[in-house]
Each structure stands twice: as structure tokens, then as C-alpha cells.
Amino acid sequence: AAMAGEVVGVEVAAQNPNSAHSFEWNQYEEERYRDWIREQIEQKPKADFEEYADEEAARQRHRDLTERNANVQIDWDDEKERELRARYIQMREEASGDVEWDTSGEREAQLRSRLRTEERSKQKIEWDDQDERACMESYRKKYSK
């Protein structure tokens, strides 16, 4: 609190937290406090673990159903499924058709870019500064290998 008062520039009245009660906190008070906590816990209702019984019963029903149906043969070659699949494929073929891509704009941009790159590569580089020129020459030698 004193530090906060210095930062803000205002006098802060601080209280000692131990002076809030009129008794001395000693071993005896600690024991009384622990007993009081135990009483509070004992007053709470007991935990009800039966709330999960319905979930366990549902899981058991599903296990029993699975065991009963374990010997049932499944015919995956269903006539209705084949019919629906054929209709879907036909619908997709009718809807899609051939796709024609117009790449003329992209081709033109690629050619322009190549021409600009070639023009720039033929330009001679001239340096104003001798130190910079020496540095670039060292890099050219280093990376030309």
C-alpha cells in the first residue's frame, strides 16, 4: 500500500490484516479452524454416484444389441444404393461438361515478364563507390563457382 501511495502521490491508509480480529491466531485457533472446516464439509450432501447409472445401462443395452446382431449378414450390394449412385453420376456429368480455360492473359503476362527479365540482364551495372564495387566483385567471384 505504501508503494501504491508513492506511485499515485496520495497518502494510503493501510491496515494490518492481523489486527482485523480481536484474538491471537495460535495453535489452538488453528485446530478450531480445522475442526470448523471439517464440520462445514460434513454438512454438505454426500456425492451421488448413481447419476451415472442410466449411462451405464444405456451402454449395456448397446452392447447387448451388438451381440444380438453379430450374426446378421449385411448385404452391401443394395439395388437402391446403385440406383441413387447412377443418378448422382448422371447429374454430375450433365452439370459439369467440358471446362475450357482461357490462359491467354496469363501467357501474355509470362511473356512480358520474360522480356523484361532479359532486358534487365543485358544492362551493364556501374557502381559509383569503389568499396561497393569491390564488395560486389567478391560476391560475384564467390557465387560464380
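Here is a friendly set of questions and answers about this predicted model.

User: How many helices and how many strands does the secondary structure of the protein come to?
Analyst: Happy to start there. Read along the sequence, the pattern is α-α-α-α-α-α. The secondary structure therefore comes to six helices and zero strands.

User: What percentage of the 145 residues in the protein is buried?
Analyst: A residue counts as buried under 20% relative accessible area. The protein exposes about 15300 Å², and carbon and sulfur atoms supply 49% of that area. Of the 145 residues, the buried share is 1%.

User: Which residue caps the N-terminal end of helix 6?
Analyst: Helix 6 covers residues 130-143. A side-chain oxygen lies 3.5 Å from the backbone nitrogen of aspartate 131 at that end of the helix. The residue that supplies this oxygen, and so caps the helix, is aspartate 129.

User: How far apart are the end C-alpha atoms of helix 6, and what span should its 14 residues have?
Analyst: The expected span is 1.5 Å times one less than the number of residues. For the 14 residues of helix 6 that gives 20 Å, and the distance between the end C-alpha atoms agrees with it. Both the expected span and the distance are 20 Å.

User: How are the planes of tyrosine 139 and tyrosine 143 arranged, stacked or edge-to-face?
Analyst: By the rule used here, the protein has three aromatic pairs. In the one formed by tyrosine 139 and tyrosine 143, the centres are 6.2 Å apart and the angle between the planes is 0°. Planes under 30 degrees apart count as stacked, so this pair is stacked.

User: Where do tyrosine 139 and tyrosine 143 lie?
Analyst: The two tyrosines are four residues apart, about one turn of the helix. An α-helix has 3.6 residues a turn, so residues three or four places apart point the same way. Tyrosine 139 is partly exposed at 42% relative accessibility, while tyrosine 143 is exposed at 60%. Both of them lie in helix 6.

User: Which residue forms a salt bridge with glutamate 137?
Analyst: Side chains of opposite charge can pair when their charged atoms come close. Here the closest N and O atoms are 2.8 Å apart, and the two partners sit three residues apart in helix 6, about one helical turn. Glutamate 137 is partly exposed at 34%, and its partner is partly exposed at 37%. That partner is arginine 140.

User: How many salt bridges does a search of the whole structure find?
Analyst: Besides the bridge of glutamate 137 with arginine 140, one of them joins arginine 38 to aspartate 35, with the closest N and O atoms 2.8 Å apart. Those two are three residues apart in helix 2, separated by about one helical turn. Arginine 38 is partly exposed at 47% relative accessibility, and aspartate 35 is partly exposed at 39%. For the whole structure, the search finds seven.

User: What separates the closest N and O atoms of arginine 85 and glutamate 81?
Analyst: These residues are four apart in helix 4 (residues 79-96), about one helical turn. Arginine 85 is exposed, with a relative accessible area of 51%, whereas glutamate 81 is partly exposed at 38%. They form a salt bridge in which the closest N and O atoms are separated by 3.3 Å.

User: Which residue at the start of helix 2 reaches the backbone nitrogen of tyrosine 28?
Analyst: Helix 2 has 17 residues and reaches 25 Å from its first C-alpha to its last, close to the 24 Å expected. At its start, a side-chain oxygen comes to within 3.1 Å of the backbone nitrogen of tyrosine 28. That oxygen belongs to asparagine 26.

User: Which residues make the nonpolar surface patch of about 340 Å²?
Analyst: One member, tryptophan 36, is found in helix 2 (residues 27-43). At 44% relative accessibility, tryptophan 36 counts as partly exposed, and residues need over 30% to belong to a patch. The members of the patch also form one aromatic cluster. They are Trp25, Tyr33 and Trp36.

Technical notes. Residues numbered from 1 in each chain as written. Predicted model: local features only at pLDDT ≥ 70, side-chain atom pairs only at ≥ 80, totals over all residues. Heavy atoms only, no water. Polar contact = N/O pair within 3.5 Å; in protein donor to acceptor, adjacent residues only side chain to side chain. Buried < 20%, exposed > 50% of the residue type's maximum accessible area, 1.4 Å probe, protein only. Areas by Shrake-Rupley, 256 points an atom, 1.4 Å probe, with all protein chains shown as cover. Phe/Tyr/Trp six-rings, centres within 6.5 Å; stacked < 30°, edge-to-face > 60°. Patch = residues over 30% accessible without salt bridge, like charges linked within 9 Å, V, L, I, M, F, W, Y side chains within 5 Å. Salt bridge = Lys/Arg side-chain N within 4 Å of Asp/Glu carboxyl O.
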